[in-house]
Amino acid sequence: MHTIWILGDQLSPEHAALREYRPGHARVLMIESKARGSVLRYHQIKLVLVYSAMRHYAQELREAGWDVDYYELARGLTFEAAAREHLSKHAPDAIVLAEPNSLLEADALAKLGRKLKIDIRFAATTQFLLPRKDFQAWADGQKRLVMENHYRSMRKRFGWLMDANGKPEGGAWNYDAENRATYREWQRDGAPRAKTPLNEAPDRITQEVIELVAREFADNPGRAADMWLPVDRESALRWLEVFVRERLPRFGVYEDMMATEDSQLFHSLLSPPLNLGLITPRECIEAAIAAYRQKLAPLNSVEGFVRQIAGWREFINGIYWHRGAEYRELNELDAQQPLPAFFYTGDTEMNCLRHVLGETLASGWNHHIQRLMILGNFFLTAGINPQQALRWYSELYVDAFDWVMAPNVIGMSLYADGGSMATKPYAASSTYINRMSNYCKGCGFDPAKKTGPDACPFNYLYWDFIDRHAEAFGRNPRMRMIVNGWLKRSERDKDDVRASAREFLTGLK
């Protein structure tokens with residue numbers, strides 16, 4: 001008999017290995033390893049999410065007739081120790097897994113098989129829309145890996161939002177221009193919010209895991225008791241239904257906006273269950289498209305949501321496997337500033353950072369613009385070491401796994417790959433933040449001031465960033481005009497920017 005080993009982020013109803021067997025013809029192995037949970041100081045809510053979801057999944061498998069050999073955290077076993085015990089008890093002919101979602105686990109499991117002298121086989125994962133070999137084939141035929149090109153190929157491949165003539169629905173491939181409402185426009189619209197806040201009450205299993213994590217990972221960020229996420233397929237599907245019914249209609253227009261009044265706004269918050277496998281990307285996409293067909297949601301919202309999953313999520317995963325383990329170590333801009341301590345406390349005078357970090361530390365979640373244009377923007381313009389930034393993102397976010405964080409942080413946010421993934425750095429001054437949020441209101445720093453102790457740090461950090469990399473950015477068609485504008489400024493203006501940035505960055509240390 002074979003053993004199907006199911007990892008903690010592979011809790012899919014379409015699990016690749018489970019589909020090859022029937023109950024009674026294979027046995028399931030699941031392991032809660034404290035050593036694996038201690039690789040980084042993960043947010044306590046993330047640990048509760050993973051362990052509780054694993055236990056719920058195991059329970060569902062048992063109810064479906066599967067024999068599940070489950071090793072709980074209290075046993076204190078590593079993957080290797082638990083696997084040895086399982087082999088001793090059951091002597092399987094082989095261990096079958098779905099392809100691991102991380103390079104680290106894929107390598108470690110292959111080595112473990114050799115060490116334990118057991119045949120370990122990988123079945124092609126079904127947690128993504130595109131098989132890894134298909135992305136590789138697409139990438140090999142491209143001069144430059146651009147998400148938009150890949151997204152269009154995905155739309156054509158699956159026929160999503162395509163008309164009868166093979167053209168994109170509505171005549172355009174994306175509707176970004178309609179999805180950039182500002183904070184003030186949101187206010188003028190009556191400051192609408194979703195009717196149902198997404199907050200899942202813990203059941204008995206989750207409550208037990210909350211107590212376990214609070215005890216075993218007491219020094220980790222966050223509070224296990226504040227758990228708020230879905231941990232099984234039923235609740236994840238309910239969240240999807242609530243999103244499509246109540247949030248999707250206004251998701252598009254307000255997807256880039258930020259407000260202190262509401263952290264969720266119209267976002268789906270589906271990335272945690274989606275990245276665990278509790279729901280599938282196809283289910284999410286087809287539910288949104290069905291709402292469009294039924295005239296329950298506008299095209300700009302539906303296309304924006306489809307692009308997040310069929311476009312960006314698939315592209316990020318493809319880049320991760322295409323570039324390999326060395327990608328996460330890139331630092332093309334030679335950013336060496338250490339991560340400020342306040343990223344673990346939220347104790348900063350910058351109101352935008354204080355608010356966003358407060359949400360992160362409390363819940364383990366922010367929406368994509370907060371992650372990119374507040375946190376990532378700061379990391380980028382301040383020259384924070386990308387590996388330290390990657391570690392922080394990986395520790396603090398409930399939906400963080402290596403495949404999603406490495407490309408998003410190294411390539412998208414921090415431009416540490418030299419621009420092989422993003423066509424320009426995502427850097428901005430206070431102007432963008434003041435337009436898209438109300439974070440500047442009540443802040444001790446003045447967004448209108450460009451230099452000096454009272455100026456918004458994003459203003460001089462932005463131009464200091466341009467100054468440091470003027471030669472390289474001057475060769476980028478999308479940055480050339482900005483660099484030329486900087487070079488034309490007076491030497492006195494440049495020196496004021498450099499001095500303000502130097503004083504601020506010195507203070508961070």
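Let me begin with a word we need for helix α13: a residue is called buried when its relative accessible area is under 20%, exposed when it is over 50%, and partly exposed in between, with a 1.4 Å probe and protein chains only. What we are looking at is a predicted model, in which local features need pLDDT of at least 70 and side-chain atom pairs count only at pLDDT 80 or more, while totals for chains, interfaces and linings use all residues. Residues are numbered from 1 along each chain as its sequence is written, and side-chain values use heavy atoms, with hydrogens and water left out.

Let us start with α13 itself, which covers 351-363; helices here are DSSP runs (H or I, at least four residues), as strands are (E, at least two), and they are numbered from the N terminus. The expected span of a helix is 1.5 Å times one less than its number of residues, so the 13 residues of α13 should span 18 Å, and the end C-alpha atoms are indeed 18 Å apart. Which residues of α13 are buried? They are N351, C352, L353, V356, L357, E359, T360, L361 and S363. The elements that cover them include α2, α14, α15, α17 and α18, and just after the helix G364 takes a positive phi of about 75 degrees.

Now to the loop before it, between α12 and α13, where we find L339. Because its relative accessibility is 17%, L339 counts as buried. Not counting residues up to four places away in sequence, L339 touches Y344, F379, I384, Q388 and W392, where contact means heavy atoms within 4.5 Å.

W392 appears again in the largest nonpolar core, where it is among the residues with the most contacts, together with M30, L248, F343, L353 and F378. A nonpolar core is a set of buried Ala, Val, Leu, Ile, Met, Phe, Trp, Tyr and Cys residues joined through side-chain atoms within 4.5 Å, and this one has 164 residues. Apart from it lies another core, of 17 residues, among them A82, L97, L116 and I120.

Next, two residues with an uncommon backbone angle. Most residues other than glycine have a negative phi. L265, however, has a positive phi of about 50 degrees, and it is found in the loop between α9 and α10. K295 has a positive phi of about 60 degrees and lies in the loop between α11 and α12. Is each of them buried or exposed? L265 counts as buried because its relative accessibility is 1%, whereas K295, at 75%, counts as exposed.

Finally, the empty space. On a 1 Å grid over the protein atoms alone, a cavity is a set of points where a 1.4 Å probe fits but cannot get out, a pocket is an open set with protein on both sides within 12 Å along at least five of seven lines, and lining residues have an atom within 4 Å of a point. There are 4 cavities of 30 Å³ or more, and the largest has a volume of about 70 Å³. Its lining includes C352, one of the buried residues of α13. The second largest pocket has a volume of about 720 Å³ and is lined by 34 residues, of which R36, Y42, E105, F401 and D402 lie nearest its centre. The largest share of that lining, 5 residues, comes from α2.

Conventions
Points joined across faces, edges and corners; volume = space filled by probe spheres on them.
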